[in-house]
Amino acid sequence: MENEVLELITQSLTEDRLNHILDCNEEYKIAKMYETAVYDKLVETLSETQKELFNDFIIATNETEISAERLIYQQGMKDLYAFLNALSKPQE
């Protein structure tokens with residue numbers, strides 16, 4: 001049950017809050033524009049077979065990054081929860 005709640009919270013926060021934060025960050029927007037420009041240049045030089053393989057690679061990489069982002073975010077939430085619990089315990 002605890003993992004299900006954590007999954008729901010993580011999904012909501014990463015889909016809504018993090019996307020909003022990224023969309024408002026100028027440094028990220030500039031990096032994203034550069035990434036798109038480099039990608040477009042690269043794709044222009046590839047054959048159709050190479051484009052397909054490259055796009056498959058990009059999809060696989062993105063899926064790995066999404067999984068890592070979720071795990072990292074969840075671990076951060078767990079660490080914060082443990083930290084707050086430690087602070088709330090009476091000092092002896």
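These are my notebook entries on a predicted model of a protein.

**Confidence.** I looked up the pLDDT first. The protein averages 88, and 97% of the residues score at least 70. I then went through the elements: helix 2 has the highest mean pLDDT, 96, while helix 1 (residues 2-23) has the lowest, 77. I keep in mind that predicted coordinates should not be read in detail where pLDDT is low.

**Fold and extent.** I found three helices and zero strands in the protein. Along the sequence the pattern reads α-α-α. I compared the radius of gyration with the globule rule: the protein comes to 19 Å, and the rule gives 12 Å for 92 residues, so the protein is more spread out than a compact globule. I also took the box of the C-alpha atoms along the principal axes, which is roughly 70 × 30 × 20 Å.

**Helix 2.** I checked the span of helix 2 (residues 26-44) against its length. At 1.5 Å a residue, its 19 residues should span 27 Å, and I find the end C-alpha atoms 27 Å apart, so the two values agree. At the start of helix 2, I noted that a side-chain oxygen of Asn25 comes to within 3.0 Å of the backbone nitrogen of Glu27.

**Largest pocket.** I looked up the volume of the largest pocket and got about 700 Å³. Helix 1, helix 2 and helix 3 (48-88) are the elements that each give two or more residues to its lining. I list 21 lining residues for this pocket, and those nearest its centre are Tyr28, Asn62, Glu65, Ile66 and Glu69. Helix 3 supplies the largest share of the lining, nine residues. Sorted by class, I have seven nonpolar, eight polar and six charged residues in the lining. Since helix 1 has the lowest mean pLDDT among the elements, I mark its part of the lining for a second look.

Methods: Residues numbered from 1 in each chain as written. Predicted model: local features only at pLDDT ≥ 70, side-chain atom pairs only at ≥ 80, totals over all residues. Heavy atoms only, no water. Helix = DSSP H or I, 4+ residues; strand = E, 2+ residues; numbered from the N terminus. Expected span 1.5 Å × (residues − 1). Polar contact = N/O pair within 3.5 Å; in protein donor to acceptor, adjacent residues only side chain to side chain. pLDDT = per-residue confidence, 0-100. 1 Å grid on protein atoms, 1.4 Å probe; cavity = no way out; pocket = protein on both sides within 12 Å on 5 of 7 lines; lining within 4 Å. Points joined across faces, edges and corners; volume = space filled by probe spheres on them. Nonpolar A, V, L, I, M, F, W, Y, C, P; charged D, E, K, R; others polar. Rg over C-alpha atoms; globule rule 2.2 N^0.38 Å.
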